[in-house]
Amino acid sequence: MFDTRELGRRPGALKRVSRSIPAPQDLGIEVIGVAEGATVELDLRLESVMEGVLVTGTARAPLTGECVRCLEPLGRELEVDFQEMFSYPDADDRSRPADTGDDAEEEEDMLFLEGDLFDLEPVLRDAVVLALPLQPVCQEDCPGLCAECGTRLADDLDHHHESVDIRWAALQGLAGSNQDGEMDNAPRSGGDDSQEK
């Protein structure tokens, strides 16, 4: 929660705030995110406007997760920018956009000041989650894991398995059964194949 009391309601009033906060719970997606309690550095610019307080800011936080290809742990630093308007609950209706028929949706998307305070968590959560990579990798050319045994392929570049396509497995037995080396469809020593006419 941040206090805007010092700004008053004078349009054009400006205040800069820098704060370190502990990260809230579930700030991320399944494979990568900001660990709960990790330090999030916030640099905010609070500006009083006619309708409310315009908050522009930057958040920096450490990311932890795992590579989606090889499942190795990874850590990165995230920096994300955001901007949001927190409206006064009793703002003058003349300053709001003209009625477009979507009032219910617009009201739902708007954030309001509660007294002189605003809660930055929903804005921070949206900005961070939208900036996260959907499929984080430890390196761009990560080869992943072996589909047969689960070995990490980056550790053993020559890793492979002798495998036979099951569609050809039945023919492997036939290939070794001809001991004299002749093939059934080889031409006969007399020259032309005999064919009945």
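Is E79 buried or exposed? At 54% relative accessibility, E79 counts as exposed, since anything over 50% falls in that class. Keep in mind as you look around that this is a predicted model.

E79 makes a handy starting point, so let's stay with it for a moment. You'll find E79 in strand β7, a stretch that covers residues 73-87. On the surface, E79 teams up with E41, E77 and D81 to form a negative patch. Strand β7 is the main supplier here, giving three residues to that patch, which is the most from any element.

Now step back and take in the whole protein. There are 197 residues, and 25% of them are buried. The secondary structure adds up to nine strands and three helices. If you walk along from the N terminus, the order is β-β-β-β-β-β-β-α-β-β-α-α. So you pass through a run of strands before you reach a helix, and the walk ends on two helices.

How do the parts of the chain meet? Take the contacts between residues at least 6 apart in sequence: 61% of these join residues at least 24 apart. As for the outside, the accessible surface comes to about 13900 Å², and carbon and sulfur atoms account for 47% of that.

Strand β5 is a good place to look next. This strand runs over residues 39-48, and S48 belongs to it. With a relative accessible area of 1%, S48 is buried, because the cut-off for that label is under 20%. And what surrounds S48? Leaving out residues up to four places away in sequence, S48 touches L7, G8, R9, R10, P11, G12, A13 and Y88.

Strand β5 also has a hand in the salt bridges, of which the structure holds four. In one of them, R60 pairs with D43, and the closest N and O atoms are 2.4 Å apart. D43 sits in strand β5 while R60 sits in strand β6 (residues 52-66), so this pair ties together parts that are 17 residues apart in sequence. Neither partner is buried: R60 is partly exposed at 26% relative accessibility, and D43 is partly exposed as well, at 30%.

Another salt bridge joins the side chains of E47 and R45, with 3.5 Å from N to O. Both of these residues get the middle label too. E47 counts as partly exposed because its relative accessibility is 22%, and R45 is partly exposed with a relative accessible area of 30%.

Further along the chain, look for D155 and R152. They form a salt bridge whose closest N and O atoms are 2.9 Å apart. D155 is out in the open by the numbers: its relative accessible area of 59% makes it exposed.

Last stop: a surface patch of another kind. W168, L171 and L174 form a nonpolar patch, and together they have about 360 Å² of accessible area. To find L171, go to helix α3, which spans residues 169-175. L171 counts as partly exposed, because its relative accessibility is 45%.

To put the surface together, then, you have a negative patch made by E41, E77, E79 and D81, and a nonpolar one made by W168, L171 and L174. Away from these, S48 in strand β5 gives you a buried residue to compare with them.

Notes
Residues are numbered from 1 along each chain as its sequence is written. This is a predicted model: local features need pLDDT of at least 70, side-chain atom pairs count only at pLDDT 80 or more; totals for chains, interfaces and linings use all residues. Side-chain values use heavy atoms; hydrogens and water are left out. Patches are made of residues with over 30% relative accessible area and no salt bridge: like charges are joined within 9 Å, nonpolar side chains (Val, Leu, Ile, Met, Phe, Trp, Tyr) within 5 Å. Accessible areas come from the Shrake-Rupley method with a 1.4 Å probe; for residues, only the protein chains shown count as cover. Helices (H or I, at least four residues) and strands (E, at least two) are DSSP runs, numbered from the N terminus. Buried means under 20% relative accessible area, exposed over 50%, partly exposed in between (1.4 Å probe, protein chains only). Lys and Arg count as positive and Asp and Glu as negative; His and the chain ends are not counted. The place of a charge is taken as NZ of Lys, CZ of Arg, CG of Asp or CD of Glu. Contact means heavy atoms within 4.5 Å.
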